[in-house]
Amino acid sequence: MGQLYLTDICKALDIKMVKNSQVNMLRKDQNGLAVYVGEQWYIIYDETMPLEEKRFTLAHELGHIFLNHKRKESLLNDNAQEYEADIFAEGLLNLLAALEQRFNTAPKIYQFYPARCKTTIRLLERKDVAE
């Protein structure tokens with residue numbers, strides 16, 4: 001069965017994925033981090049995690065980006081934002097699983113619903129999503 005990869009979503013939206021071993025930015029209690037530098041979003045992730053944890057972490061960090069969460073400089077976690085990003089990740093991963101099961105591959109999805117795919121991509125590419 002073909003797989004819809006979260007990495008493809010990141011590439012389509014020009015969100016750079018960076019292994020933590022390359023930048024060493026994650027604290028020991030962090031699996032991932034979304035950061036906005038200049039005009040670019042980055043998701044830093046712990047590449048030593050099992051695949052399913054990496055998928056959830058990536059989806060979670062995408063949640064922070066799309067929900068327009070601002071990272072605070074304090075060491076305190078904003079539990080509400082973390083919860084929202086978790087819910088976003090669960091929904092995104094469930095949607096991708098359902099689409100994979102129904103269509104097997106992303107090109108088939110686009111073939112059946114090109115207008116909706118284009119609309120969704122346009123919405124995700126809106127500049128104010130990253131601001």
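This is a short dialogue on reading the strands, a helix and the confidence scores of a predicted model.

Colleague: Where should I begin with a predicted model?

Modeller: Begin with confidence. The chain averages a pLDDT of 77, and 69% of the residues score at least 70.

Colleague: Which elements have the highest and the lowest mean pLDDT?

Modeller: Helix H2, residues 20-23, has the highest mean, 97. Helix H6, residues 114-124, has the lowest, 51. Over residues 126-131 the pLDDT stays under 50, and the model has 9 contacts beyond four places in sequence for that stretch.

Colleague: How do I read the sheet? What is the order of its strands?

Modeller: In a regular strand the side chains alternate between the two faces of the sheet. Here three strands make an open sheet in the order E1-E3-E2, with mixed pairing. E1 and E2 are the edge strands; each has a single partner, so one side of each has no neighbour in the sheet. From one strand to the next, the twist averages 25 degrees.

Colleague: What does mixed pairing consist of here?

Modeller: E1 (residues 15-19) pairs with E3 in the parallel sense over 5 bridges, and Val 18 has Ile 44 in E3 as its bridge partner. E2 and E3 run antiparallel and are joined by 6 bridges. Val 35 is bridged to Tyr 42 of E3, and Tyr 36 to Trp 41 of E3.

Colleague: How many residues lie between E2 and E3?

Modeller: There are 2, and the two strands form a hairpin. In the turn, Gly 38 has a positive phi of about 65 degrees.

Colleague: Is strand E3 largely enclosed or left open?

Modeller: E3 covers residues 40-45, and 5 of its 6 residues are buried, so the rest of the structure largely encloses this strand.

Colleague: What should I look for in a helix such as H3?

Modeller: An α-helix has 3.6 residues a turn, so residues three or four places apart point the same way. H3, residues 51-66, has 16 residues and spans 22 Å from its first C-alpha to its last, close to the 22 Å expected. Its buried residues include Arg 55, Leu 58, Leu 62 and Phe 66. H3 lies across E1, E2 and E3, at about 150 degrees to E3. Just after H3, Asn 68 takes a positive phi of about 60 degrees.

Colleague: Loops remain. Why does Gln 30 count as buried?

Modeller: Its relative accessibility is 15%, and the cut-off for buried is under 20%, so Gln 30 counts as buried. Gln 30 lies in the loop between H2 and strand E2. A polar atom of the Gln 30 side chain lies 2.8 Å from the backbone nitrogen of Arg 27.

Conventions. Residues are numbered from 1 along each chain as its sequence is written. This is a predicted model: local features need pLDDT of at least 70, side-chain atom pairs count only at pLDDT 80 or more; totals for chains, interfaces and linings use all residues. Side-chain values use heavy atoms; hydrogens and water are left out. pLDDT is the predictor's confidence in each residue, from 0 to 100. Helices (H or I, at least four residues) and strands (E, at least two) are DSSP runs, numbered from the N terminus. Contact means heavy atoms within 4.5 Å. The expected span of a helix is 1.5 Å times one less than its number of residues. Buried means under 20% relative accessible area, exposed over 50%, partly exposed in between (1.4 Å probe, protein chains only). A polar contact is a pair of N or O atoms within 3.5 Å; within protein, one must be able to donate a hydrogen and the other to accept it, and residues adjacent in sequence count only if both atoms are side-chain atoms. Two strands pair if DSSP finds at least two bridges between them. Axes are lines fitted to C-alpha atoms, for helices over the stretch in contact, and angles run from 0 to 180 degrees between N-to-C directions.
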